[in-house]
Every structure is written in structure tokens, then in C-alpha cells.
Amino acid sequence: MSKKYNQSVEQEPVKYNLARTIIEVHGLSAKDFVAYFASQKAGKTEDDIRQILIANPDHYLSGNTKPDGSGDQMLIEAMGFFEKPMCYALHTTNDPHDFPDKQLNGYPNFLCVRGIDYQTGHYSGITAFHQFKPTEDGFIANLNLYFSAKYPLEMVRRHKLHLAIEFSNWLRAAYNRSHN
């Protein structure tokens, strides 16, 4: 399905629509969560893959593009309960050129993940740019998914709930791991 929407998104600059969800977290640091999420996303163990899948009923298949876990995450999911599932290689980047927006002041921890269409090998027009602001006893998670304007607004709107569901579950798992 992504092929239907992602044609010509390689042109700069891409115009985006934003799905944003903000979650306030207590009892877990942003640094610990980002480390947990990065290790889980690598999919090196069966438990890592299981955590990706059980976080959201939209997730159908997860793995790593390389058997040793050093590649990108491969994920098949329905995007915000919309139409058919899509298959992506999720490429984590720290290159500011890949950021779809400016980094927020006071949010030193971030995850930027570009979706690469698995069928075409081209940028899908979807980038996650999650930013985390430390607080006295936790952090504020500013969760953002940028969709190329070629994607339907209904998909963007539905993805807000998708983000809330999966991150609530990943935050719980990260908290449990850090407190055991």
C-alpha cells in the first residue's frame, strides 16, 4: 500500500502532515527509555521482537534486516488501523538533514526513524521524530510521526491513537525492565 502514496517523495522539501501524541512519564528516565527502545528495535532477541509485536495490534511482523541484528528493523504494520498493512525497513538516523522538523529546545533525547519502503527501497514519506524532555521524576514524550502530504489525512489522524497504544506498552515494558 505504501507504494500507492510514496511516489515522488524523494523530492526536497517534502511537505508533511503530523500525527502527534504527548505522554508524561514518571519513574523512568528518558535516557533509559531511549536505550531500551534502541535495543528492542534492533530485534537481536526473541523477546525484543515480541515486545515490538505485542505493543500494538497493528503490528504483524517484526525482525531485523541482518541476521546479527546490526541492520534496520523490518516491520509490517497497518498504519493507524488504515487500509492494508505496509512493509518497511525502519532506519534510525542522527543526521539533522533527515529530521522532518527542528529539534525542540529542552528535549535533548530523540529518536529519528525514516521508513524505507521494503518493496521499492525508496523513502516512504514517513518519518518518526520522537523527542524526550527530562522532568524531575521522568520525562515528557513528544511523539511525532510525519507523513508526506500524499498520505490521506484520515491515516494521519488515526495514527495518533496508534502512537499512544504502542508507546504506553513500550513505556510499561521499559519501566518493568529497569525496576527488575
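Which residues are linked in a network of salt bridges? In this predicted model, the network consists of Glu 154, Arg 157 and Arg 158. The total number of salt bridges in the structure comes to three.

Two of the pairs involve Glu 154. In one, Arg 157 forms a salt bridge with Glu 154, with the closest N and O atoms 3.2 Å apart. Arg 157 and Glu 154 are three residues apart in helix α4, and are therefore separated by about one helical turn. In the other, the side chains of Glu 154 and Arg 158 meet at an N to O distance of 2.9 Å. Glu 154 and Arg 158 likewise both lie in helix α4, here four residues apart, about one turn of the helix. The members of the network are partly exposed: Glu 154 has a relative accessible area of 31%, Arg 157 has one of 48%, and Arg 158 stands at 34% relative accessibility. Arg 157 falls in this class because its value of 48% lies between the limits of 20% and 50%.

A further salt bridge is found between Arg 114 and Asp 98, where the closest N and O atoms are 3.9 Å apart. This pair links distant parts of the chain, 16 residues apart, with Arg 114 in strand β5 and Asp 98 in the loop between β4 and β5. The distance of 3.9 Å is within the 4 Å cut-off, so the contact between Arg 114 and Asp 98 counts as a salt bridge. Arg 114 is buried, at 16% relative accessibility, and Asp 98 is also buried, with a relative accessible area of 16%. Both residues are assigned to this class because a value of 16% is under 20%. In general, side chains of opposite charge can pair when their charged atoms come close.

Strand β5, which holds Arg 114, belongs to an open sheet of seven strands. The strand order is β1-β7-β6-β5-β4-β3-β2, and the pairing is antiparallel. The edges are occupied by β1 (16-26) and β2 (59-64); each has a single partner strand, so one side of each is left without a neighbour in the sheet. From one strand to the next, the twist averages 20°. Between β5 and β6, which run antiparallel, there are seven bridges. Phe 110 stands opposite Gln 131 in β6.

The cavity search gave one cavity of 30 Å³ or more. The largest cavity has a volume of about 330 Å³. Its lining is made up of 24 residues, of which Leu 75, Glu 77, Leu 90, Ala 128 and Leu 145 are the closest to its centre. Two or more lining residues are given by each of the elements α2 (30-42), β3 (73-77), β4 (86-92), β5 (109-117), β6 (123-135) and α4 (153-178). The largest share of the lining, six residues, comes from α4, the helix in which Glu 154 and Arg 158 lie. By class, the lining of the largest cavity comprises 13 nonpolar, seven polar and four charged residues.

Several elements recur across these results. Helix α4 holds the pair Arg 157 and Glu 154 and also contributes six residues to the lining of the largest cavity. Strands β5 and β6 are joined by seven bridges, and each gives two or more residues to that lining.

Definitions and conventions. Residues numbered from 1 in each chain as written. Predicted model: local features only at pLDDT ≥ 70, side-chain atom pairs only at ≥ 80, totals over all residues. Heavy atoms only, no water. 1 Å grid on protein atoms, 1.4 Å probe; cavity = no way out; pocket = protein on both sides within 12 Å on 5 of 7 lines; lining within 4 Å. Points joined across faces, edges and corners; volume = space filled by probe spheres on them. Nonpolar A, V, L, I, M, F, W, Y, C, P; charged D, E, K, R; others polar. Buried < 20%, exposed > 50% of the residue type's maximum accessible area, 1.4 Å probe, protein only. Pairing = 2+ DSSP bridges. Axes fitted to C-alpha atoms, helices over the stretch in contact; angles between N-to-C directions.
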